[in-house]
Amino acid sequence: MSSPVRRPRRLRTTPAIRRLVAETRVHPAQLLLPVFVADGISEPRPISSLPGLVQHTLDSVRAEASRAAAAGVGGIVLFGVPEPDDKDASGSVGWAADGILNRAVAAVRHEVGDDLVVIADTCLDEFTDHGHCGVLAEDGTVDNDATVELYVRQAVSQAEAGAHLVSPSGMMDGQVAAIRSGLDLAGHEDVGILAYAVKYASAFYGPFREAVGSSLVGDRRTYQQDPANRREGRLEAALDELEGADIVMVKPASHYLDVLADVAARAAVPVAAYQVSGEYAMIAAAAERGWIDRQAALTEATTAIVRAGADIVLTYAALDLAGWLR
């Protein structure tokens, strides 16, 4: 029996060789760290469904941002958690200058300047007393156009607080075009838009809802995408790009790699993907039980997201990954 002419295993024999020929490389600079900042707390508060993560105070989020910058992480994504009594039907604390999110944006930007990309979540679900991503019509559905008007107000307030990027995540039709126009008219032409262009009505958001103290009753299937649909993801991303998105994002990431690959193959702008709370929590919980290796699993999952086409990855493990990658 003759020996094989080709032996692919030759390029797997040592760690140095494997590094040399790796087709996909993840760098800390392409990671974004999502964080939660809560009003009315005096010390960080653990999130039970997200092992190792907390709701931050303004002081602790400044320290977290400094750690992220020192680790070489690309940016930080800020989510505000208001006190329950501050919620109302329109989510008005979401664009208030003294609301927790805008105070957090200002605090972090003051702390890190331009050493870290500061991104504000542009949505109202954390701030409404009904938990939906916008204002409700009389029939109980979310009023698309009335909600978009509030997103513009929120985005402008976030730009004024110091955000480098705003990130509309509510999946309202026309939100990106309206926000781009509103930012420009307010003199914030240099503030970019990271658009949640492809966002599915996923079961993997559960821990996030605990993290933001969501008041949601029901679901968001009338405005977030059906997990059964793949072509629709390409359409949504293309529309947001045409409307002026500087970056388009697919969410969730790990369970939608086919959609991510489709979007990345067609987009003319950078593509992000969000390893959402449930995807992260499954790995963290299994690792706590000794079933899998946390570092290996998180590194593999992030590599798979980049391999599928993501230029940018939002992950709660960004700080850990940055340390491991370096």
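**Exercise 1. Classify L20 and find its patch**

Decide whether L20 is buried or exposed in this predicted model.

*Solution.*
Step 1. Take the relative accessibility of L20, which is 65%.
Step 2. Compare it with the cut-off: exposed means over 50%. L20 therefore counts as exposed.
Step 3. Place the residue. L20 is found in helix α1.
Step 4. Look at its partners on the surface. L20 joins L11 and V21 in a nonpolar patch of about 290 Å².

**Exercise 2. Two charged patches**

Which residues form the positive surface patch, and which form the negative one?

*Solution.*
Step 1. Collect the positive set. R6, R7, R9, R10 and R12 form the positive patch.
Step 2. Check one member, R7. R7 sits in the segment before α1. Its relative accessible area is 40%, so R7 is partly exposed.
Step 3. Collect the negative set. E83, D85, D86 and D98 form the negative patch.
Step 4. Check one member, D98. D98 belongs to the loop between β4 (75-81) and α3 (100-112). With a relative accessible area of 60%, D98 is exposed.

**Exercise 3. Test a cysteine pair**

How many disulfides does the structure have? Use C123 and C133 to show the reasoning.

*Solution.*
Step 1. Recall the bond. A disulfide joins the sulfur atoms of two cysteines covalently.
Step 2. Start from C123. The closest cysteine sulfur to its own is in C133, 3.6 Å away.
Step 3. Start from C133. The closest cysteine sulfur is that of C123, again at 3.6 Å.
Step 4. Apply the cut-off. The two sulfur atoms must be within 2.5 Å. At 3.6 Å, the sulfurs of C123 and C133 are too far apart for a bond.
Step 5. Give the count: 0 disulfides.
Step 6. Add the surroundings. C123 is buried, at 0% relative accessibility. C133 is buried too, at 0%.

**Exercise 4. A salt bridge across the sequence**

What parts of the chain does the salt bridge between D39 and R103 tie together?

*Solution.*
Step 1. Recall the principle. Side chains of opposite charge can pair when their charged atoms come close.
Step 2. Check the distance. The side chains of D39 and R103 meet at 3.3 Å, N to O. The cut-off for a salt bridge is within 4 Å.
Step 3. Locate both ends. D39 lies in the loop between β1 (31-38) and β2 (45-46), and R103 lies in helix α3, so the pair ties together parts 64 residues apart in sequence.
Step 4. Compare exposure. D39 is buried, at 18%. R103 is partly exposed, at 29%.
Step 5. Put the pair in context. The whole structure has 11 salt bridges.

**Exercise 5. A pair between two loops**

Where do R220 and D125 lie, and are they buried or exposed?

*Solution.*
Step 1. Confirm the pair. R220 and D125 form a salt bridge, 3.6 Å from N to O.
Step 2. Locate the ends. R220 is in the loop between α6 (206-211) and α7 (231-243), while D125 is in the loop between β5 (117-122) and α4 (144-161). The pair thus ties together parts 95 residues apart in sequence.
Step 3. Check the cover. R220 has a relative accessible area of 5%, so R220 is buried. D125 is at 8% and also counts as buried.

**Exercise 6. From a pair to a network**

Which residues are linked with R234 in a network of salt bridges?

*Solution.*
Step 1. Begin with one pair. R234 bridges to D262, with the closest N and O atoms 3.1 Å apart.
Step 2. Locate the pair. R234 is in helix α7 and D262 in helix α8 (residues 257-266), 28 residues apart.
Step 3. Check both ends. R234 is partly exposed, at 24%. D262 is buried, at 9%.
Step 4. Widen the view. R230, R234, D258 and D262 are linked in a network of salt bridges.

**Exercise 7. Sequence distance and space**

How many Å lie between the C-alpha atoms of P28 and L124, and between those of E241 and A195?

*Solution.*
Step 1. Take P28 and L124. They are 96 residues apart in sequence and 30 Å apart in space.
Step 2. Describe P28. P28 lies in the loop between α1 (15-20) and β1. P28 is buried, with a relative accessible area of 5%.
Step 3. Take E241 and A195. They are 46 residues apart in sequence and 8.7 Å apart in space.
Step 4. Describe E241. E241 lies in helix α7. At 24% relative accessibility, E241 is partly exposed.

How values were computed:
Residues numbered from 1 in each chain as written. Predicted model: local features only at pLDDT ≥ 70, side-chain atom pairs only at ≥ 80, totals over all residues. Heavy atoms only, no water. Patch = residues over 30% accessible without salt bridge, like charges linked within 9 Å, V, L, I, M, F, W, Y side chains within 5 Å. Areas by Shrake-Rupley, 256 points an atom, 1.4 Å probe, with all protein chains shown as cover. Lys, Arg positive; Asp, Glu negative; His and termini not counted. Charge placed at Lys NZ, Arg CZ, Asp CG, Glu CD. Helix = DSSP H or I, 4+ residues; strand = E, 2+ residues; numbered from the N terminus. Buried < 20%, exposed > 50% of the residue type's maximum accessible area, 1.4 Å probe, protein only.
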